[in-house]
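Let's take a walk through this structure together. Have the sequence and the 3D view open, and follow along piece by piece.

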Amino acid sequence: MLLRRDGEQTPIIDTAAPIRNRDGFLIGAVLVFHDVTVSLNLARALSHQATHDALTGVPNRREFERRLRELLARPDPASHVLCYLDLDQFKIVNDTCGHVAGDELLRQITQLMRGHLRAADTLARLGGDEFGLILQGCDLEPAVALAQRIREAIADFRFAWGERSFGIGVSIGLVPVAAHERDADTLLGAADAACYAAKEAGRNRIHVYQPDDRHLLEQQGQMQWVSRLQSALDEDRLRLYVQPIVPLHPTPGERPHAEILVRLEEDGQLIQPGAFLPAAEPRWPPQTAPLVAGQTAPGRTVEL
């Protein structure tokens, strides 16, 4: 770094060559300074683009996971909390006003959240409308209080676009980083599951992960069933059974009725629907009216 007389610093590459007389004695030197400000700034810009989200300016998922692993590798016994945040009702803004409005909303929400954080905290955009937050040297109780302030600030925030105004919320999952838990993928999965549980509980709320959390374990089990159901559909392992419905007092000329039952085949065994249907039910189209007994619905499909 070259310090100029006016106090400015200039990054340089320097070379030095000795000047000798005919007898070989050193009589001077030639110094060459090459200004590398442009190339250094370009390298810094490329490094920043590789580790930060272009829209919001905060670290991206790759950089967030790198910082989390770096934090977990430290031998210090300090307490930390990992948070997973997912905006509620963001899709309404995107669908109503377009992606330009959605991008502006993400920028404003990012600035809003950064105003509640400490210098040591790390806020990152993990993708879409999902954010990650690392609270370094923070116990669970103050972490929950900070998450509550963020939740209230976003709930009170109104996004104006043209003549329209939108209110949104945020679901937050928190995971305390225990001294014995040093696996980043496990912690991220637990934080994601806690955020999912907060959404399932009614959205715009906070859920703290607990290993013995019955509701959360149930949600995790259902999320595992989703991939198993998809594999069963791809491999044609859903089995349909027909059970006739026989009236106690038959009416002459009445059409026969039957109940169609579904089973899942895995490793040659049939799994009852009570084990996997709860994972499929949330994806039924909510706008579709339920069928009335004895009626049919041509063309209606149910997506598992």
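Start with one pair of residues: Leu238 sits opposite Leu264, which belongs to strand β13. Keep in mind as you look that this is a predicted model.

Now zoom out a little from that pair. Strand β13 covers residues 257-266, and 8 bridges join β12 to it, with the two strands running antiparallel. In general, the strands of a sheet pair through backbone hydrogen bonds, and they can do so in a parallel or an antiparallel way.

So what is the whole sheet like? It's an open sheet of 3 strands, in the order β12-β13-β14, and the pairing is antiparallel. At the edges you'll find β12 (238-245) and β14 (269-271); each has a single partner strand, so one side of each is left without a neighbour in the sheet. Don't expect the strands to line up perfectly, either: ignoring direction, neighbouring strands here are turned by 45 degrees against each other on average.

The sheet has a helix for company. Helix α8, made of residues 273-280, packs on the sheet and touches β13 and β14. Its direction makes about 95 degrees with that of β13.

Next, hop over to another pair of elements. Helix α4 (residues 99-114) and helix α5 (residues 140-156) have axes that come within 10 Å and cross at roughly 140 degrees. The way α4 passes α5 is a right-handed crossing. Which residues make the contact? From α4 it's Ile109, Leu112 and Met113, and from α5 it's Ile150, Ala153 and Ile154. Sort the residues of this α4 and α5 contact by type and you get 6 nonpolar, no polar and no charged.

Technical notes. Residues numbered from 1 in each chain as written. Predicted model: local features only at pLDDT ≥ 70, side-chain atom pairs only at ≥ 80, totals over all residues. Heavy atoms only, no water. Axes fitted to C-alpha atoms, helices over the stretch in contact; angles between N-to-C directions. Helix = DSSP H or I, 4+ residues; strand = E, 2+ residues; numbered from the N terminus. Left-handed = near helix turned anticlockwise from the far one by under 90°. Contact = heavy atoms within 4.5 Å. Nonpolar A, V, L, I, M, F, W, Y, C, P; charged D, E, K, R; others polar. Pairing = 2+ DSSP bridges.
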